[in-house]
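Here is a quick walk through one protein chain and the ligand that comes with it. Have the structure open as you read.

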Amino acid sequence: MNSRESSAAHPDGTSNAVAPDFDVEHFRRALGQFATGVTIVTTLAPDGSPIGLTANSFNSVSLEPPLVLWSLSRRAASLEVFRNRSHYAVNVLASDQIQVSRRFGSGKNYLAGGRFENIDWRPGNHGIPLLTGCCAWFECFNRSRYDEGDHIIFVGEVERCGIEAREPLVFQNSLYHMTQPHPERDSS
Ligand SMILES: Cc1cc2nc3c(=O)[nH]c(=O)nc-3n(C[C@H](O)[C@H](O)[C@H](O)COP(=O)(O)O)c2cc1C
């Protein structure tokens, strides 16, 4: 076992989780209570056309080195492309980009860059699409991938990132939201 693998066994000797006492729909709804941002993960297909999908599984992993993660369904049409490309970009959507989220999350227009029609973008390093109008973007080296359940976890090493002063799009309980600062401020 190398350092990238971990055993399912717990150090105290327990080797298996007990079977879930809930169904998939209940689990999905419970997970949906966790509010997230919304991203479009982009890369280039082998023929050079831009591809991308909506993902809210994005999260930070490490500051030094700079690492992020996101997970991709095994059923995604783009799976093999993302597995094999050396780089991808994570574009963090702004609050006025709901239509972009819907288009890239719909399962349609996957081929021949169709999702990018009438979408403004520029090529970043390695030609990977950076969408115009986002809050932030991360250009990532495709550092490692982990098969877990029905998804593949992608860990990206961030080579460049940018921030734009825009309000973020938020997703919670299957609905899109806009943020509003809480009146009670964090004292830390
Ligand atoms: C708000 C939102 C978040 C999503 N997050 C993810 C995600 O993190 N991982 C994933 O595999 N699919 C996610 N999806 C679904 C994919 O965007 C969708 O299945 C897409 O069609 C997959 O693209 P592909 O099959 O063309 O590769 C999300 C969809 C929406 C609308």
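What follows takes the ligand site, then the strand pairings, then a few backbone details.

## The ligand and its pocket

Keep in mind that this is a predicted model. Start with the ligand, because it makes a handy landmark: the space it takes up is the largest pocket. Two elements each give two or more residues to the shell around the ligand, namely β3 (50-55) and β5 (67-73).

How do the residues of the shell divide into nonpolar, polar and charged? Nine are nonpolar, nine are polar and one is charged. That shell has 19 residues, and the ones that come nearest to the ligand are T54, S57, S71, S73 and S78.

## Polar contacts to the ligand

Three serines are worth a click here. S78 puts a polar side-chain atom 2.5 Å from an oxygen atom of the ligand, and a polar side-chain atom of S57 lies 2.6 Å from a ligand oxygen atom. With S73 the backbone does the job: one of its polar backbone atoms is 2.8 Å from an oxygen atom of the ligand.

How much of the ligand does the protein cover? On its own the ligand has 640 Å² of accessible area, and the protein covers 80% of that.

## A three-stranded open sheet

Now move over to β1, β11 and β12. These three strands make an open sheet in the order β1-β11-β12, with antiparallel pairing. β1 (36-37) and β12 are the edge strands, each pairing on one side only.

β1 and β11 run antiparallel and are joined by two bridges. To see the register, look at G37, whose bridge partner in β11 is V170. V170 also has a bridge partner in β12, and that is H177.

β11 (residues 169-172) and β12 (residues 175-178) run antiparallel too, with four bridges between them. You can follow the pairing along the strands: L169 has M178 as its bridge partner in β12, while F171 has Y176. The two strands form a hairpin with two residues between them, and N173 there takes a positive phi near 55°.

## The β6, β9 and β10 pairings

β9 turns up in two pairings. Strand β6 (residues 87-92) pairs with β9 (residues 136-148) in the antiparallel sense, over six bridges. In that pairing, A89 stands opposite E139 of β9.

β9 also pairs with β10 (residues 151-163), again in the antiparallel sense, this time over 12 bridges. A136 stands opposite I163 in β10. At the turn, β9 and β10 form a hairpin with two residues between the strands. G149 sits in that turn and has a positive phi of about 60°.

## Backbone details in the loops

Two loop spots deserve a look before you close the file. Which peptide bond is cis, with omega near 0°? The one from E64 to P65. P65 belongs to the loop between β4 (59-62) and β5, and β5 is one of the elements that give two or more residues to the ligand shell.

The other spot is N118, in the loop between α3 (98-104) and β7 (121-123). Phi of N118 is positive, near 60°, and N118 is a residue other than glycine. N173, in the hairpin of β11 and β12, takes a positive phi as well.

Technical notes:
Residues numbered from 1 in each chain as written. Predicted model: local features only at pLDDT ≥ 70, side-chain atom pairs only at ≥ 80, totals over all residues. Heavy atoms only, no water. Pairing = 2+ DSSP bridges. Near = heavy atom within 4 Å. Polar contact = N/O pair within 3.5 Å; in protein donor to acceptor, adjacent residues only side chain to side chain. Areas by Shrake-Rupley, 256 points an atom, 1.4 Å probe, with all protein chains shown as cover. 1 Å grid on protein atoms, 1.4 Å probe; cavity = no way out; pocket = protein on both sides within 12 Å on 5 of 7 lines; lining within 4 Å. Sits in = over half its atoms within 2 Å of the grid points. Nonpolar A, V, L, I, M, F, W, Y, C, P; charged D, E, K, R; others polar.
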